[in-house]
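Subject: Structure for you to look at

Hi,

Here is the structure I said I would pass on. Have a look at it first, and then read my notes underneath.

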Amino acid sequence: ALGPGALATVLQTKGQGTVAAAQAQVFYSLTPVWAALLAKTCLQGEEMGPLAWLGGCVIIAASIGAAIS
């Protein structure tokens, strides 16, 4: 776990240096949305309630708003 964690940190730092701060924020703010969708896809029986869907939509809307501004 130490190797992949260290590699992820190095790659994240290098990636953040190559894009604008607003773009990086959009990518990182969508992490919970991608995790939820991946769990829904890969874990059979994993259910997302209406509040979880609403939260995902709010995150996506805020990310789009930040990218447009």
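How much space lies in the largest pocket? About 150 Å³. Before going further, please keep in mind that this is a predicted model. The chain averages a pLDDT of 84, and 100% of the residues score at least 70. Confidence is highest in H1, at 88, and lowest in H2, where the mean is 80.

Back to the pocket. H4 gives the most to the lining of the largest pocket, namely seven residues, and both H3 and H4 supply at least two each. Going through the lining in chain order, you will meet Pro32, Val33, Ala36, Leu37, Met48, Ala52, Trp53, Gly55, Gly56, Cys57, Ile59 and Ile60. Sorted by class, that makes ten nonpolar residues and two polar ones, with no charged residues in the lining.

Two of the lining residues, Pro32 and Trp53, are worth picking out on screen. Proline 32 sits in helix H3 and is partly exposed, because its relative accessibility is 47%, which falls between the 20% limit for buried and the 50% limit for exposed. Tryptophan 53 comes 21 residues away from proline 32 along the chain, and their C-alpha atoms are separated by 11 Å.

Next, helix H2. Which of its residues are buried? In H2, which runs over residues 21-29, they are Ala24, Val26 and Ser29. What covers them includes three other helices: H1 (2-18), H3 (31-42) and H4 (50-68).

On the H1 side, try glutamine 16, which is found in that helix. Once you set aside its neighbours within four places in sequence, glutamine 16 is in contact with Ala24 and Tyr28. So one of the buried residues of H2, Ala24, is among the contacts of glutamine 16. Glutamine 16 itself counts as partly exposed, because 37% of its area is accessible in relative terms.

Last, the charges. Side chains of opposite charge can pair when their charged atoms come close. How many salt bridges does the count come to here? The answer is one salt bridge. Lysine 40 forms it with glutamate 47, and the closest N and O atoms are 3.6 Å apart, which is inside the 4 Å cut-off. Are the two partners buried or exposed? Glutamate 47 is exposed, because its relative accessible area is 60%, whereas lysine 40 is partly exposed, at 33% relative accessibility.

That is what I have for now. Send me your thoughts whenever you get to it.

Cheers

Note on methods: Residues are numbered from 1 along each chain as its sequence is written. Side-chain values use heavy atoms; hydrogens and water are left out. Buried means under 20% relative accessible area, exposed over 50%, partly exposed in between (1.4 Å probe, protein chains only). Helices (H or I, at least four residues) and strands (E, at least two) are DSSP runs, numbered from the N terminus. Contact means heavy atoms within 4.5 Å. On a 1 Å grid over the protein atoms alone, a cavity is a set of points where a 1.4 Å probe fits but cannot get out, and a pocket is an open set with protein on both sides within 12 Å along at least five of seven lines; lining residues have an atom within 4 Å of a point. Grid points are joined across faces, edges and corners, and a volume is the space filled by probe spheres set on the points. Ala, Val, Leu, Ile, Met, Phe, Trp, Tyr, Cys and Pro count as nonpolar, Asp, Glu, Lys and Arg as charged, and the others, Gly among them, as polar. pLDDT is the predictor's confidence in each residue, from 0 to 100. A salt bridge is a side-chain nitrogen of Lys or Arg within 4 Å of a carboxyl oxygen of Asp or Glu.
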